[in-house]
Amino acid sequence: MSSGLRLPLEAAGLGMTSQRARDRLVERLREQGIRDARVLEVMRTLPRHLFIDEALASRAYEDTALPIGRSQTISQPYVVARMTEALIEFGLPQNVLELGTGSGYQAAVLAMLVKQVNSVERIEELSRTARKRFRKLGFSNVRARFEDGRLGWSEHAPFDAIIVTAATERVEPQLIAQLRPGGVFIAPVGGPDGQRLMRLRWIEDRWQQEDLGPAMFVPLLGGTLG
Ligand code: SAH
């Protein structure tokens with residue numbers, strides 16, 4: 001593809017009928033301040049309706065979070081765009097870790113941009129469904145694992161970027177240790193009193209921390225649910 005995006009042919013074919021709805025969504029994201037052309041192009045191309053239940057498919061291109069079962073949600077498109085933009089701002093990472101696979105949508109967005117995505121999910125059913133989606137859509141550069149992801153995925157470390165898509169009050173040192181020097185870490189940080197989307201980078205022997213604004217994610221929880 002001329003844009004250099006990694007959209008598998010399977011996914012391209014399945015997204016043809018909903019193109020206009022996605023074009024409108026991308027226009028809205030642009031109006032809300034998403035600037036990165038690569039991110040906008042991915043969101044214009046990837047069929048989000050294939051990551052949710054068919055009963056909700058007609059709402060797939062509204063800019064809202066939607067339920068995906070087990071009290072979890074697929075993130076709002078604006079949030080996915082903003083986090084992706086912030087993750088790739090300093091250069092395209094090659095090897096990315098995501099905590100909280102959920103529907104698999106954020107992982108697929110990343111898989112269109114970067115070489116390898118590793119995604120961990122603590123609810124078995126969601127992990128299994130997401131894995132099926134990656135296979136059906138033809139994404140061969142996403143590894144999905146059913147596990148409590150708080151300690152990362154050391155087998156595939158170091159990562160150029162880590163994205164946490166559930167809110168955490170505490171960032172585990174073992175997780176941060178799996179980041180390559182200069183790597184980017186993004187997570188909603190906070191508890192019931194409010195969350196902030198934080199970006200951390202390890203630069204010249206110290207952590208550089210930026211607050212990217214308010215966030216509203218389901219919590220990062222311990223243990224697994226089979
Ligand atoms: N990125 C997802 C949105 C996920 S919602 C998407 O694009 O659809 C947050 C997800 O994080 C939920 O599925 C939840 O089960 C998962 N999660 C919460 N705590 C976790 C943990 N410790 N390890 C892995 N996944 C976790």
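Which side chain has a polar atom that lies 3.0 Å from a nitrogen atom of the ligand? In this predicted model, that side chain belongs to Glu 98. The briefing below begins with the open sheet of seven strands and mixed pairing, continues with the helices that pack on the sheet, helix H4 and helix H6, and ends with the ligand, of whose exposed area, taken alone, the protein buries 99%.

**The sheet**

- Seven strands form an open sheet in the order S5-S4-S3-S6-S7-S8-S9, and their pairing is mixed.
- Strand S5 (142-146) and strand S9 (206-215) are the edge strands, each of them pairing on one side only, and from one strand to the next the twist averages 15°.

**Strand pairing**

- Strand S7 (residues 179-191) and strand S8 (residues 194-203) run antiparallel and are joined by eight bridges; within this pairing, Ile 186 has Arg 199 in S8 as its bridge partner.
- S3 and S6 run parallel and are joined by four bridges, with Leu 97 having Ile 162 in S6 as its bridge partner.
- S6 also pairs with S7, again in the parallel sense and over four bridges, and here the bridge partner of Phe 159 is Leu 179 in S7.
- S6 is mostly covered, since six of its six residues are buried.

**Helices on the sheet**

- Helix H4 (residues 77-88) packs on the sheet and touches strand S3 (95-99), strand S6 (159-164), S7, S8 and S9, while its direction makes about 150° with that of S7.
- Helix H6 (residues 124-137) likewise packs on the sheet, where H6 touches strand S4 (116-121) and S5, and the direction of H6 makes about 160° with that of S5.

**The ligand and its surroundings**

- There are 27 residues around the ligand, and those that come nearest are Ser 103, Glu 121, Asp 148, Gly 149 and Leu 221.
- Asp 148, one of these nearest residues, places an N or O atom of its side chain 2.9 Å from a nitrogen atom of the ligand.
- Glu 98 places a polar side-chain atom 3.0 Å from a nitrogen atom of the ligand, whereas Gln 106 approaches with its backbone, an N or O atom of which lies 3.0 Å from an oxygen atom of the ligand.
- Taken alone, the ligand exposes 580 Å², and 99% of that area is buried by the protein.

Terms used: Residues are numbered from 1 along each chain as its sequence is written. This is a predicted model: local features need pLDDT of at least 70, side-chain atom pairs count only at pLDDT 80 or more; totals for chains, interfaces and linings use all residues. Side-chain values use heavy atoms; hydrogens and water are left out. Two strands pair if DSSP finds at least two bridges between them. Helices (H or I, at least four residues) and strands (E, at least two) are DSSP runs, numbered from the N terminus. Axes are lines fitted to C-alpha atoms, for helices over the stretch in contact, and angles run from 0 to 180 degrees between N-to-C directions. Contact means heavy atoms within 4.5 Å. A residue is near a molecule or strand if one of its heavy atoms lies within 4 Å of it. A polar contact is a pair of N or O atoms within 3.5 Å; within protein, one must be able to donate a hydrogen and the other to accept it, and residues adjacent in sequence count only if both atoms are side-chain atoms. Accessible areas come from the Shrake-Rupley method with a 1.4 Å probe; for residues, only the protein chains shown count as cover. Buried means under 20% relative accessible area, exposed over 50%, partly exposed in between (1.4 Å probe, protein chains only).
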